[in-house]
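Visitor: I should like to learn how the features of a structural model are read. May we take one model and work through it?

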Amino acid sequence: MNLLGKTGLNVMPIGFGGIVVMDSEPKQASRAVADAIEFGINYFDVAPSYGNAEEKLGPALEPFRKDIHLACKTHRRDAKGARETLDQSLEHLKTDYFDVFQLHAITDVEEDVKAAFAKGGAMETILEARKAGIIKHVGFSAHSEAAALAALNEYDFDTVMLPVSFVLHYQKQFESKVLKEAKKRNCGIIALKTLSSNKRPEGQAPLKYKKCWYEPIDDPGLAELAMCWTLSQGVSLAVSPGEEVLLRMMMDLYPKLHKLTESEMETLKAYAAPQVPIF
């Protein structure tokens with residue numbers, strides 16, 4: 001188990017990405033959740049913008065709620081909209097509180113960060129809910145370095161969720177400045193896109209993985225190295241992609257995690273060079 005920064009929560013280094021159960025039959029969703037929990041996964045992440053994932057995850061998680069950490073998000077930037085999504089998420093997920101609640105996918109400093117912190121912005125709802133005990137810890141997920149750094153300067157966040165991928169690192173050092181700042185503030189760091197590879201061409205339908213908007217790494221050997229790289233960057237955990245088969249692959253590979261050799265690092269660097277970065 002790893003400590004999730006200043007939250008004090010202990011988390012397994014692999015997290016359950018809620019999109020895994022989107023559009024699943026109830027029995028399939030329950031089996032995926034139960035298998036993950038039996039394996040040791042105790043951090044579950046979902047959002048209202050993930051189709052019907054909340055409605056599928058809620059009943060599957062209900063028997064285990066007290067034993068796991070549940071994280072949710074809002075994509076709304078106004079207080080009223082954030083309250084609506086918060087209340088809806090609580091209902092869908094059959095819970096009366098969230099262990100972590102986040103501003104979702106902040107990308108633009110003006111439209112996302114400043115709007116959320118403005119008078120009547122989403123942070124008003126989030127902080128009120130925190131005072132009421134509905135939210136235990138406050139975080140954000142970021143899709144750009146500028147937005148993440150701006151958010152960290154606005155508020156003492158408990159968690160930071162961002163892409164920590166060897167492809168993005170070798171292409172553009174995507175995560176470096178944010179990780180440095182988050183560590184300085186003792187934020188719990190949650191990695192996204194560990195297994196991301198290529199940006200899918202505009203307009204191209206998913207060839208294999210319909211719940212991933214990018215092309216994921218599904219080769220076990222390369223996926224093992226990708227997980228080793230991400231989890232060596234000072235993150236507390238890496239949330240799985242939205243495909244159940246990829247979550248199960250991460251679970252299978254977990255016992256093989258190790259410190260990367262120089263040769264393995266060169267393998268990752270060479271693989272990353274021709275890829276089209278997803279951000």
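The dialogue below turns from an annotated domain to one residue and then to a pocket.

Guide: Please bear in mind that this model is predicted.

Visitor: Which residues does the UniProt domain annotation cover?

Guide: The unreviewed UniProt entry carries the annotation "domain: NADP-dependent oxidoreductase", which covers residues 14-197. Over residues 14-197, the chain is 45% helix and 23% strand, and the C-alpha atoms at the two ends are 19 Å apart.

Visitor: Where does Ser 196 lie, in a strand or in a helix?

Guide: Ser 196 belongs to strand 10, which spans residues 196-199.

Visitor: Why does Ser 196 count as buried?

Guide: Buried means under 20% relative accessible area. Ser 196 has 1% relative accessibility, and therefore counts as buried.

Visitor: Which residues does Ser 196 touch, leaving aside those up to four places away in sequence?

Guide: Among them are Val 167, Tyr 214, Ile 217 and Ile 278. Ser 165 is another, and its side chain makes a polar contact with the side chain of Ser 196 at 3.4 Å. In addition, a polar atom of the Ser 196 side chain lies 2.8 Å from the backbone oxygen of Lys 193.

Visitor: How is empty space found, and how much lies in the largest pocket?

Guide: Rolling a probe the size of a water molecule over the atoms shows where empty space is left. Here the largest pocket holds about 400 Å³ of space. Its lining has 25 residues, and the closest to the centre are Ile 19, Tyr 50, Leu 192, Lys 193 and Trp 213. By type, the lining comprises 12 nonpolar, 8 polar and 5 charged residues.

Methods: Residues are numbered from 1 along each chain as its sequence is written. This is a predicted model: local features need pLDDT of at least 70, side-chain atom pairs count only at pLDDT 80 or more; totals for chains, interfaces and linings use all residues. Side-chain values use heavy atoms; hydrogens and water are left out. UniProt positions are given in the numbering used here, feature names are shortened, and annotations may be inferred rather than shown by experiment. Helices (H or I, at least four residues) and strands (E, at least two) are DSSP runs, numbered from the N terminus. Buried means under 20% relative accessible area, exposed over 50%, partly exposed in between (1.4 Å probe, protein chains only). Contact means heavy atoms within 4.5 Å. A polar contact is a pair of N or O atoms within 3.5 Å; within protein, one must be able to donate a hydrogen and the other to accept it, and residues adjacent in sequence count only if both atoms are side-chain atoms. On a 1 Å grid over the protein atoms alone, a cavity is a set of points where a 1.4 Å probe fits but cannot get out, and a pocket is an open set with protein on both sides within 12 Å along at least five of seven lines; lining residues have an atom within 4 Å of a point. Grid points are joined across faces, edges and corners, and a volume is the space filled by probe spheres set on the points. Ala, Val, Leu, Ile, Met, Phe, Trp, Tyr, Cys and Pro count as nonpolar, Asp, Glu, Lys and Arg as charged, and the others, Gly among them, as polar.
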